[in-house]
Amino acid sequence: MRNFALLALGLSFSVAYASSGVTIDQPKVLYKLQPGQSVTNVVNVLNPGFSGENLEIKVAQNDWLLNPLGEPQYLSPGTLKQSLTRWLTLPANTFALGGQNQRDVRYTLQVPPGTAPGLYW
């Protein structure tokens with residue numbers, strides 16, 4: 001049986017206005033990787049707001065878990081034993097996104113050699 005790490009990557013994007021309606025094309029992705037392997041991918045962020053409505057978007061790397069009501073609770077990176085935040089490389093954390101515009105955010109996930117099999121997020 002081969003060892004692998006099943007990785008659930010959830011990227012969090014926060015914006016200056018709670019009602020902005022910013023959308024993310026892949027809010028959650030799953031990877032089945034071997035220790036030492038990496039994957040690079042993109043997430044597309046869209047601001048469907050009015051033209052000229054500029055938003056400041058912040059890409060956040062946080063640990064998370066679900067509370068008893070099934071709602072996500074966000075924690076500091078590296079808080080959880082199953083955390084993969086230290087394995088994740090992102091570009092600049094903040095960018096401006098105008099209304100009716102979109103932007104790809106590229107990320108790389110590198111599983112360290114010797115990682116025990118399991119589920120990480």
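The following exchange asks how the labels attached to this predicted model are justified.

Modeller: The model is predicted, local features need pLDDT of at least 70, side-chain atom pairs count only at pLDDT 80 or more, and totals for chains, interfaces and linings use all residues. Residues are numbered from 1 along each chain as its sequence is written, and side-chain values use heavy atoms, with hydrogens and water left out.

Biologist: What makes a segment a strand here, and how many strands does the protein have?

Modeller: Strands are DSSP runs of E with at least two residues, helices are runs of H or I with at least four, and both are numbered from the N terminus. By that count the protein has 12 strands and 0 helices.

Biologist: Why is Lys32 called exposed?

Modeller: Exposed means over 50% relative accessible area, buried means under 20%, and partly exposed lies in between (1.4 Å probe, protein chains only). Lys32 has 60% relative accessibility, so Lys32 counts as exposed. Lys32 belongs to strand β4 (residues 29-33), and its C-alpha atom is 9.4 Å from that of Leu119, 87 residues away along the chain.

Biologist: Why does Asn67 count as buried?

Modeller: The relative accessibility of Asn67 is 17%, and the limit is under 20%, so Asn67 is buried. Asn67 sits in the loop between β7 (63-66) and β8 (72-75). Of the 121 residues of the protein, 33% are buried.

Biologist: What makes the approach of Asn67 to Leu69 a polar contact?

Modeller: A polar contact is a pair of N or O atoms within 3.5 Å; within protein, one must be able to donate a hydrogen and the other to accept it, and residues adjacent in sequence count only if both atoms are side-chain atoms. The side chain of Asn67 reaches the backbone nitrogen of Leu69 at 2.8 Å.

Biologist: Why is Pro117 called partly exposed?

Modeller: Its relative accessible area is 47%, which lies between the 20% and 50% limits, so Pro117 is partly exposed. Pro117 is placed in the loop between β11 and β12 (118-120). The C-alpha atoms of Pro117 and Pro35 are 8.4 Å apart, with their positions 82 residues apart in sequence.

Biologist: How do you know that β3 and β5 are paired?

Modeller: Two strands pair if DSSP finds at least two bridges between them. β3 has 2 bridges to strand β5 (residues 38-47), and the two run antiparallel. Thr23 has Leu46 of β5 as its bridge partner. β5 also pairs with strand β11 (residues 101-110) in the antiparallel sense over 10 bridges, where Asn41 stands opposite Tyr107.

Biologist: What makes β3 and β9 the edges of the sheet?

Modeller: The open sheet of 4 strands has the order β3-β5-β11-β9, with antiparallel pairing. β3 (23-24) and β9 (88-89) each have a single partner strand, so one side of each has no neighbour in the sheet.

Biologist: Where is confidence lowest, and where is it highest?

Modeller: pLDDT is the predictor's confidence in each residue, from 0 to 100. Strand β2 (residues 12-15) is lowest with a mean of 48, and β11 is highest at 92. The mean for the protein is 81, and 83% of its residues reach 70 or more. Over residues 14-19 pLDDT stays under 50, and the model has 10 contacts (heavy atoms within 4.5 Å) for them beyond four places in sequence.
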